[in-house]
Amino acid sequence: TFLVNASAHVIVPHLVRVPYDALADFEPVTTIAAVPLMLVVTPSLPVRSVAELIAHARAHPGQLLFASSSNGGAPHLAGELFKLMAGVDMAHVPYRGSGQAVPDLIAGNVQVMFDSMPSSAGAVRDGKLRALAVTTAGRQAAFPDLPTVAEAGVPGYEISTWYGIWAPAGTPAPIVARLHAAVAAALRGAEARERMAALGAEPVADAPEDFARFVRAESERWGRLVREARIKAD
């Protein structure tokens with residue numbers, strides 16, 4: 001009845017043919033959270049900064065494997081944008097979710113990943129992954145010592161993801177309003193806010209009409225990036 005999805009909702013249609021219209025076939029309800037991405041590497045990779053990663057990738061063109069949680073998701077595009085802006089060649093390895101990708105990254109089967117902060121935060125704190133930077137314009141309170149990718153060697157780099165809720169197109173406005181109110185109330189709770197803050201996610205719960213405008217703008221933004229970077233689904 002309802003869909004919870006990430007920014008991939010408006011990215012994937014720019015990469016592959018899908019049997020739906022990401023804007024017209026869904027009724028936007030609200031943004032759940034804005035989520036920064038984190039550039040993480042397997043601990044066995046001999047790099048400890050973005051500059052060292054770039055140097056290593058240039059010295060070993062095409063040999064580094066960067067994982068993503070899916071084809072066409074923000075982590076995939078984050079890696080492709082990094083390749084373009086840093087002038088490096090890394091091979092993309094898509095998984096079916098971060099839950100499959102992160103264990104392979106920890107094991108060293110893949111070496112690099114732009115993962116959502118909530119997904120990788122625990123492994124970073126446990127020393128199972130090495131974090132090099134965050135992908136947002138500014139540093140994140142959850143990891144204040146981590147530089148941004150832009151300040152660490154790739155000027156102008158910025159990318160993040162978000163999660164939202166949709167209903168089927170044509171869902172009556174009172175139902176959309178009721179679901180929005182319930183989500184907003186939950187996100188105002190101390191437990192939810194503390195949990196999100198610890199993971200580096202920011203609760204949003206914007207109004208349905210604001211989310212609708214945001215979704216349209218994001219679709220245009222991601223589509224432009226796909227075209228300009230000539231990104232293809234693997």
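**Strands, helices and two alanines in a predicted model**

Reader: Which residue of β6 does M38 stand opposite?

Author: This is a predicted model, and in it the residue M38 has a partner in strand β6. Strand β2, which covers residues 26-41, is joined to β6 by 4 bridges. The residue of β6 that stands opposite M38 is V134.

Reader: In which sense do β2 and β6 run, and how many residues of β6 are buried?

Author: The 4 bridges between β2 and β6 join strands that run antiparallel. Buried means under 20% relative accessible area, and strand β6 spans residues 130-134. Because its residues are buried, β6 is largely enclosed by the rest of the structure, and the count of buried residues is 5 of the 5.

Reader: Is A34 buried, partly exposed or exposed, and which residues does it touch?

Author: A34 lies in strand β2. Its relative accessible area is 30%, so A34 is partly exposed. Leaving aside residues up to four places away in sequence, the residues that A34 touches are T161, W162, A201, E202 and V204.

Reader: How far apart in space are A34 and E218, C-alpha to C-alpha?

Author: Along the sequence, A34 and E218 are 184 residues apart. In space, taken from C-alpha to C-alpha, the separation of A34 and E218 is 13 Å.

Reader: Where is A205 found, and is A205 buried or exposed?

Author: A205 is found in the loop between β8 (202-203) and α8 (208-229). Its phi is near 60°, a positive value in a residue other than glycine. The relative accessibility of A205 is 17%, and since the cut-off for buried is under 20%, A205 counts as buried.

Reader: In which sense do β3 and β4 pair, and what is the handedness of the crossover between them?

Author: Strand β3 (residues 65-68) pairs with strand β4 (residues 91-94) in the parallel sense, over 4 bridges. On the way from β3 to β4 the chain passes through helix α3 (residues 74-86), and this β-α-β crossover is right-handed.

Reader: How are α6 and α7 oriented to each other, and which residues make their contact?

Author: Helix α6 (residues 173-188) packs against helix α7 (residues 190-199) with their axes 5 Å apart and at an angle of about 70°. That angle makes α6 roughly perpendicular to α7. The residues of this contact divide into 5 nonpolar, no polar and 2 charged. By name, they are A186, L187 and R188 of α6 together with A190, A192, R193 and M196 of α7.

Definitions and conventions. Residues are numbered from 1 along each chain as its sequence is written. This is a predicted model: local features need pLDDT of at least 70, side-chain atom pairs count only at pLDDT 80 or more; totals for chains, interfaces and linings use all residues. Side-chain values use heavy atoms; hydrogens and water are left out. Buried means under 20% relative accessible area, exposed over 50%, partly exposed in between (1.4 Å probe, protein chains only). Two strands pair if DSSP finds at least two bridges between them. A crossover is right-handed if, with the strands pointing away from the viewer, the path from the first strand over the helix to the second runs clockwise. Axes are lines fitted to C-alpha atoms, for helices over the stretch in contact, and angles run from 0 to 180 degrees between N-to-C directions. Angles under 35 degrees count as roughly parallel, over 145 as roughly antiparallel, 65 to 115 as roughly perpendicular and the rest as oblique. Contact means heavy atoms within 4.5 Å. Ala, Val, Leu, Ile, Met, Phe, Trp, Tyr, Cys and Pro count as nonpolar, Asp, Glu, Lys and Arg as charged, and the others, Gly among them, as polar.
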